[in-house]
Amino acid sequence: MAEAPKEIIELVDKFERNLEAYKNPSYKEEQLKQEFINPFFKALGWDVDNTFGAAPQYRDVIFEDSIKVAGGTKAPDYCFTLSGRKMFFLEAKKPSVNIDKDIKPAYQLRRYAWSAKLPLSILTDFDEFAVYDSRSRPKKTDRASVGRIKYISYKDYVTEWDYLYNTFSKDAVIQGAYDKYAEDTKKKRGTTEVDDEFLSEIEKWRELLAKEIALRNPDLTVEELNYSVQQIIDRIIFLRMGEDRGAEKYGQLQKLLDKNDIYQHLCDMWKNADEKYNSGLFHFKEEKEQNSPPDTLTPTLNIKDGVFKQIIKNIYYPDSPYEFSVLSPEILGNVYEQFLGKVIRLTPGHRAKIEEKPEVKKAGGVYYTPQYIVEYIVKNTVGKLCKDKTPKKVSKLKILDPACGSGSFLLGAYNYLLQWHLDYYTNLKDKKRLKNEIYKGKNNEWHLTVKEKKRILLNNIYGVDIDSQAVNVTKLSLLLKVLEGENKDVLEAQQKLFNERALPDLGKNIKCGNSLIGPEIYDDLDLKLTSDDIKRINPFDWENEFEEIMVKGGFDAVIGNPPYVRQETLKEYKNYFENNYQVYHGLADLYTYFIEKGIKLLNNNATLSYIVSNKWIKANYGKPLRNWLITKNIKEIIDFGDLPIFQKAAAYPCIIIVKNKAANKKIKVTIMKKLDFTNLNNFVKQNNFDVSIDTLEDNGWSLVDPETRKLLSKLHSNSVTLGEYLNGGVYRGITSGLDKAFVIDNETRNLIINEDPNSEEFIKPYMVGKDVKRYQIPKTEKYLLYIPWNFEINKYKPIKNHLLRYSDDLKKRPEVKQGRFKWFALSRYAADYFQEFEKPKIMYLKFQVKPAFTIDYNKYFPNSAIWIIPSDDKFLLGILNSKMGWFLISNYCTRIQNGYQLIFKYLTNIPIPIIDLNDLFKHKSITGLVEQMLQLKNNLKSCKTPRDKDLMYRQIDATDRQINQRVYELYELTDEEIKIIEKLNKP
């Protein structure tokens, strides 16, 4: 237990002795900070005064004091950070303020922390200390107690020091105790993070604007409507964020609420912004230096005031919960990534309707890449490129995201370059010659000039996306990054100093096009492309669009998160992909082509790093990609398996890093089994291992550490594969097509048979996945109407009458509509092997979180969750259900949802020992123990009392241990090898 240090006891005593003076309204906040709050947090281990001289972005404590919003509120007084990552805010008030009851300070603090997406925040006047959960949307009417999870008085600091130190000290943050506390105190309900809320907000704007514009501008095409709505939203967000960041005059949009013809005033405001910023966002007239045509459409629109009054009112304090000064471009990128997943459609009556994009729907949603993934990829590509270079050399680096989406990876790369340049310049002794690069701001801190930020952006950052809206959002995110940390006075001063507008035109850097399909598609005469087809496909000519870069060999780094879209949804491009990509496979995911394209866009010795699905590592469709990649220089693979990297989506991702040079002999591999790391880079350094290229098998790669690889090699040395052992295949269960029609209970079965005994031939005992349990002889009372395609339904009236009740649904099945099956037949009736179901067989779950194999003697027909091995081989059953079996399954099958998918293609690779004819004892021993286990599991059903059950469980456990031991002996394992397997099988 941490005891309060002497300085805390003295602070408390001092405060108590002079309490009346401190509670006087004349006592200033700044005095409170210096006398009490700063020493308090120094005692918690924070370098409040920056005695170590850390760069501004890496300081323990960042102070904010510039006025940001109306009503006297300001940015958080303190931001506590760890390695540049914001951890929590602290807002300080005079002791005369009633922290316990006053609504305003609590609302103010919660707005900041919620907008910055921080889990916890602190409000204190030293007299009182309140900790808030910042994950629920703040409302101006909330009581001060809403969201408060801890409240203590200064008198409690000594007795509560253990809590304070173990939660908010620097040590607690470094060791993860703060994060754990934040997670433990998280509410299960009512938690709506800022990105979800702001997404909902701008989706309302889109709907309001779309309906209004479509109604009052009937000549607009759907493309023009989408463009107009997106531009208006982007411009409003840009200017509003500029206000809270000090780059724009605060409240200029809010003042429009008192005017008529709001849209005309907005257009005037945007035209003035063009004079200041020169960005494509506010480009309304022809200019020589502009790379894109001006917007002549949106200024002509007819839009009434009501829409803008709704939008503008909700983005200002106190009605707005959003604090735009701390709403980062990264959070905005997350919002926009989801926002771009929908599009405006026009009905025949020219009414606007919002729909999910077809490609997003097919892909199962939009996956926004977590920040720590972006940072890892950027650090291990851009970071390594910058090492030991000067700014002059770094200026030649070209970094590309060929599917940039909302720009998260480009934003990460740009942010890294900004920090790198600032560090480089501030470490130079002679700074007098750097007036174009850096300047001193408040607190004598160095900052990059806007001119330098623009130079870095234009020299280094490039992106392409097929979606024009995504391109505009990427530009918006990058432009907001340029403005980050600047204020109106600094911008105007630098404009005069450098005689140039504040922002760059990104038209030459961020482009719209189809990264995978080039102009050669025009040569395919079979496609007969119309102008609409060309617009939709949007072919992109890399050699022409980035001529200067491609002439010099290509890009220095390609990074990103390419889309996960199955190729069967892209049938029209099938011939193109087959003719133009070496990694082509008829069922390949789109990301496989992005890998090949990305590597081909690299110059010699350059690097690609993506986060993509890990399915290419083992799947059939990944074989061409594996064969192609193995000729390249694969530096690293980080496999996240089934970990929930992407919110609300199961994507099974991996990070892959490849250099464009001759193949290497080893790959650095990290298998991620948990997400409880604080720094991915450090975790990978401590947990990676090398995999030799020579050990990778043609039909799927098994990425295992050398110790496991050595063990697997030994296991195979005197074995045959399961496929060879069975001398045949396995069979999957039945997909009925409509369970409510074909799966019946015992009562229905008896009614049908009583009416027509001949019907019994087509009624089969039926097993579903949940009924398959380890070593347990299955038994259910479900039955399947096994109706083959040639079934003469009129001869079996009770079956016909039963199925007629479901005929409407049965006829809706695709197979019936296509004429492949009659309306009453099973969709997949396993006609080629149904007789195997009626024999003794091993049944197992296709998806397992622990071993689930058993034997069936009751002629069950299994459903699609179950596969069967056509044998009642108890020796094999013992191996598959053992710890050794699970070890083998985990190394050869695909991880999915905390378990494994036992597709036979992978399962067939596991080794089964060859039994010497002179040593059949091992075989008989395992077989006998398995028979015993099956009997014990059956006997367990008849146990009534807790004591009888307990005794039976003990026998089962003892038998299980014996089987495991016999299997270890069968594979001739050493004690050390057994430890490897036991480690995997720990709960």
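Q: How does the reach of helix α39 (residues 921–940) compare with the expected value?
A: In this predicted model, helix α39 has 20 residues and extends 28 Å from its first C-alpha to its last, close to the 28 Å expected at 1.5 Å a residue. The expected span is 1.5 Å times one less than the number of residues. Helices (H or I, at least four residues) and strands (E, at least two) are DSSP runs, numbered from the N terminus.

Q: Which conventions apply to the numbering and the values?
A: Residues are numbered from 1 along each chain as its sequence is written, and side-chain values use heavy atoms, without hydrogens and water. Because the model is predicted, local features need pLDDT of at least 70 and side-chain atom pairs count only at pLDDT 80 or more, whereas totals for chains, interfaces and linings use all residues.

Q: How is the confidence of the model known, and which stretch scores below 50?
A: The pLDDT, the predictor's confidence in each residue from 0 to 100, averages 88 over the chain, and 94% of the residues score at least 70. Over residues 65–73 the pLDDT is below 50, although this stretch has 23 contacts in the model beyond near neighbours in sequence. Contact means heavy atoms within 4.5 Å. Where pLDDT is low, the predicted coordinates should not be read in detail.

Q: What is the charge environment of Lys937?
A: Lys937 belongs to helix α39 and is one of its buried residues, meaning under 20% relative accessible area (exposed is over 50%, partly exposed in between; 1.4 Å probe, protein chains only). A salt bridge requires a side-chain nitrogen of Lys or Arg within 4 Å of a carboxyl oxygen of Asp or Glu. Lys937 has no salt bridge, and the nearest side chain of opposite charge, Asp960, is 7.4 Å away. Here Lys and Arg count as positive and Asp and Glu as negative, while His and the chain ends are not counted. Leaving aside residues up to four places away in sequence, Lys937 touches Arg774, Tyr775, Gln776 and Ile956. The buried residues of α39 pack against α36 (874–881) and α40 (946–970).

Q: Why is Asp261 called buried or exposed?
A: Asp261 has 54% relative accessibility and therefore counts as exposed. Its phi is positive, about 55°, although Asp261 is not a glycine. Asp261 sits in the loop between α9 (222–244) and α10 (262–277).

Q: Why is Asn538 called buried or exposed?
A: Asn538 has 18% relative accessibility and therefore counts as buried. Asn538 lies in the loop between α21 (531–537) and α22 (542–545), and its phi is positive, near 55°.

Q: What makes Glu545 and Lys511 a salt bridge?
A: The closest N and O atoms of Glu545 and Lys511 are 3.1 Å apart, and the pair forms a salt bridge. Glu545 lies in helix α22 and Lys511 in strand β13 (residues 510–512), so the pair ties together parts that are 34 residues apart in sequence. Glu545 is partly exposed at 31% relative accessible area, whereas Lys511 is buried at 13%.

Q: What makes strands β7 (residues 342–346) and β8 (residues 352–356) a pair?
A: Two strands pair if DSSP finds at least two bridges between them. β7 and β8 have five bridges, in the antiparallel sense, and therefore count as paired. Lys342 stands opposite Glu356 in β8. The two strands form a hairpin with five residues between them, and His350 in the turn has a positive phi of about 60°.
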